[in-house]
Amino acid sequence: MPRLLTAAVLAAVALPLLSGCASEKRGTADSPVANQRGDDSPANVTNFPDHFANIATKCVAGAPGFRAFVTTREAAPVVLPDPNCK
């Protein structure tokens, strides 16, 4: 019983750690996009001083009128209406 419990605890700890590993050397691999390349145009980046999140923004491809904002922190992207995005 102690062996089974130890194995279960190790599996419960190891599984989340191993499933979060990226398959790219730098660990920044993007998710696949249904066999499409997607929009690789550069984003507009605002750099902030150290210890503050930088912001990248660009119009959302395939969704006219919307702009996405992302940060260098672990925050979800934000998508807002932007009439300048055609």
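**Close-up views of a predicted four-stranded chain**

**View 1. Asn-84 lies in the segment that follows strand S4 (78-81)**. The model shown here and in the other views is predicted. With a relative accessibility of 62%, Asn-84 counts as exposed, because the threshold for that class is over 50%. Phe-66 stands 18 residues away from Asn-84 along the chain, yet the C-alpha atoms of the two residues are separated by 8.5 Å. The backbone nitrogen of Asn-84 is reached at 2.9 Å by the side chain of Asp-82. Asp-82 is likewise placed in the segment after S4, and its surroundings are the subject of the next view.

**View 2. Asp-82 is a buried residue in the segment after S4**. The relative accessibility of Asp-82 is 12%, and Asp-82 is therefore classed as buried, the limit being under 20%. When neighbours within four places in sequence are left aside, Asp-82 is in contact with Gly-65, Phe-66 and Arg-67. With Arg-67, the side chain of Asp-82 makes a polar contact of 2.6 Å. The side chain of Asp-82 also reaches the backbone nitrogen of Asn-84, at 2.9 Å. Asp-82 thus has a side-chain partner in Arg-67 and a backbone partner in Asn-84.

**View 3. Arg-67 and Asp-82 form a salt bridge**. The side chains meet at 2.6 Å, N to O. Arg-67 belongs to strand S3 and Asp-82 to the segment after S4, so the pair ties together parts that are 15 residues apart in sequence. The count of salt bridges in the model comes to one. Are the two partners buried or exposed? Arg-67 has a relative accessible area of 15% and is buried; Asp-82, at 12%, is buried as well. Both values fall in the buried class because that class covers relative areas under 20%. Within the strand pairing, Arg-67 has Leu-80 of S4 as its bridge partner.

**View 4. Strands S3 and S4 form a hairpin**. Six residues lie between the two strands. S3 and S4 pair in the antiparallel sense, and the pairing extends over four bridges. One bridge partnership links Arg-67 to Leu-80 in S4. S3 comprises residues 66-71 and includes Phe-69, while S4 spans residues 78-81 and is followed by the segment that holds Asn-84. Asp-82 is found in that segment as well.

**View 5. Strands S2 and S3 form a hairpin with Gly-62 in the turn**. Six residues separate S2 from S3, and Gly-62 has a positive phi of about 80°. The two strands run antiparallel and are joined by five bridges. Lys-58, located in S2 (residues 55-59), stands opposite Ala-68 of S3.

**View 6. Lys-58 of strand S2 reaches the backbone of Ser-41**. The side chain of Lys-58 comes to 2.6 Å from the backbone oxygen of Ser-41. Residues up to four places away in sequence not being counted, Lys-58 touches Asp-39, Asp-40, Ser-41, Ala-43, Arg-67 and Ala-68. Ala-68 is also the residue that Lys-58 stands opposite in S3, and Arg-67 is a partner in the salt bridge with Asp-82. S2 is further joined to strand S1 (residues 44-46) by three bridges, the two strands running antiparallel. In this pairing, the partner of Asn-44 is Thr-57 of S2.

**View 7. Six residues make a nonpolar surface patch of about 520 Å²**. Which residues contribute to the patch? The contributors are Phe-48, Phe-52, Ile-55, Phe-69, Val-78 and Leu-80. Phe-69 is located in strand S3 and is partly exposed, at a relative accessible area of 30%. Leu-80 of the patch is also the bridge partner of Arg-67 in S4.

**View 8. The whole chain contains one helix and four strands**. Along the sequence, the order of these elements is α-β-β-β-β. The chain has 86 residues, of which 9% count as buried; Arg-67 and Asp-82 are among the buried residues. About 7,700 Å² of the chain is exposed, and carbon and sulfur atoms supply 62% of this area. Among contacts between residues at least 6 apart in sequence, 1% join residues at least 24 apart.

Technical notes. Residues numbered from 1 in each chain as written. Predicted model: local features only at pLDDT ≥ 70, side-chain atom pairs only at ≥ 80, totals over all residues. Heavy atoms only, no water. Buried < 20%, exposed > 50% of the residue type's maximum accessible area, 1.4 Å probe, protein only. Contact = heavy atoms within 4.5 Å. Areas by Shrake-Rupley, 256 points an atom, 1.4 Å probe, with all protein chains shown as cover. Patch = residues over 30% accessible without salt bridge, like charges linked within 9 Å, V, L, I, M, F, W, Y side chains within 5 Å. Salt bridge = Lys/Arg side-chain N within 4 Å of Asp/Glu carboxyl O. Polar contact = N/O pair within 3.5 Å; in protein donor to acceptor, adjacent residues only side chain to side chain. Pairing = 2+ DSSP bridges.
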